[in-house]
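Reader: Got a minute for this one? Put it up and walk me through the salt bridges, please.

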Amino acid sequence: MHSSTIFLTNTDALTLEQLMELLTQKHDDQTVVKLMRKYCLKSTSNDIQKKGMEFLYINGFYEDLAILIQKNKESASASNRNWAEVYDSMMDRKQKKCAPYQVIQRVQKIKSTEPELQCLIEFAKVTSYYDMNEYNKLGNFLEIQQQLFESIEDRLLISYFNIRLHQTLFFYYLSRNELIIARKYAYRALNETGNIRTKIGLHINLGLSYTFETYFQGMYHLSEALNLAKKENLLNAIKAIEQNNIPFLSAHFREVDNISSTDKSEQAHIEIAKGNYTEAIKILNEIPLDSPYKLYYMGKAKQDKNLLLKSYNYFIEKRSDYFFSRLPLNEIKRLPV
């Protein structure tokens, strides 16, 4: 470890990209990540301190990131303070400390000519729009993304931004119902990222992308996501997969043996799959029909075309989701004329 100590004491004049290149020449990938994690917190280089936040974020080292955000907030550099505010907003969104629209308001106040920071602001906005189910706004980002990327010279930062971009493209094309292109970007992002939470999210959405094709391929990805979540003991992810995603896909394909859920709407979905429409309606009457999925379940249980049309319009008009809008649309087609 003697050579790595030398690097540690001489990092203050380096950029993050130069530091990564030096370490990559001397160490295997796993060791490089460990050392980079350490140097991001110890270096006094402005470049490493601010771009190190992206390294920690993209790799899922969120506790270290919180420390580095605080360091950058206290920096004499206005640029570093601005970067810190963006990452602070991103983490508040991720940890549900503030609403997505508040994240957008916070980052829009930051004015900068740095293309890297402009990119980060756009990423913060685009993930918030995704949380708000405003999928059409993802397209707005894609229109300006290439121009922003072309202005960035730091290849390491671009490689991290590409991971974010490929996730965005996956969700965008999935919502547009362009599945071949969507999955291409999902697999690309899976291969690029080492962040377990990112992998889990990608596997969940890849699984759901098979809703209108094959139960077994969909369940393969949901099982992969669940295995990763259990391995890392990520309780919220485990709950979402076991109580929402697996019951949804299973009920949709009527593969409901030994399937249960604590979620009322999915309980109703399971009853619909069993043909117990009266029981499904009873369960759905206990909860507000405040999502297109719940409207779809009630419309399906009642064989009510108006409710199914409401669900379809909700998917299209409020979410620009042309993929899941197929749920009520297909059911409408099955109704007797």
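Author: Start with K230 and E242, whose side chains form a salt bridge at 3.5 Å, N to O. A salt bridge here is a side-chain nitrogen of Lys or Arg within 4 Å of a carboxyl oxygen of Asp or Glu. K230 is in helix 13 (residues 215-231) and E242 in helix 14 (residues 235-252), 12 residues apart. Helices (H or I, at least four residues) and strands (E, at least two) are DSSP runs, numbered from the N terminus.

Reader: Model or experiment?

Author: This is a predicted model: local features need pLDDT of at least 70, side-chain atom pairs count only at pLDDT 80 or more, and totals for chains, interfaces and linings use all residues. Residues are numbered from 1 along each chain as its sequence is written, and side-chain values use heavy atoms, with hydrogens and water left out.

Reader: How accessible are K230 and E242?

Author: K230 is partly exposed at 47% relative accessibility. E242 is partly exposed too, at 30%. Buried means under 20% relative accessible area, exposed over 50%, and partly exposed in between (1.4 Å probe, protein chains only).

Reader: OK. What does R155 pair with?

Author: E21, with the closest N and O atoms 2.6 Å apart. R155 sits in helix 10 (residues 155-175) and E21 in helix 2 (residues 16-26), so this salt bridge ties together parts 134 residues apart in sequence.

Reader: Is R155 buried or exposed?

Author: R155 is exposed, at 57% relative accessible area. Its partner E21 is partly exposed, at 36%.

Reader: And K264, what is its partner?

Author: E286, at 2.9 Å between the closest N and O atoms. K264 lies in helix 15 (residues 264-274), while E286 is in the loop between helix 16 (277-284) and helix 17 (292-302), so the pair ties together parts 22 residues apart in sequence. K264 has 34% relative accessibility and is partly exposed. E286, at 47%, is partly exposed as well.

Reader: Which residues are linked in a network?

Author: K73, E85, D88, D92 and R106 are linked by salt bridges.

Reader: How many salt bridges in total?

Author: The count comes to 20.

Reader: Switching topic. How many helices and strands?

Author: The chain has 19 helices and zero strands. Its C-alpha trace spans about 75 × 40 × 35 Å along the principal axes.

Reader: What share of the residues is buried?

Author: Buried residues make up 55% of the 337 in the protein chain.
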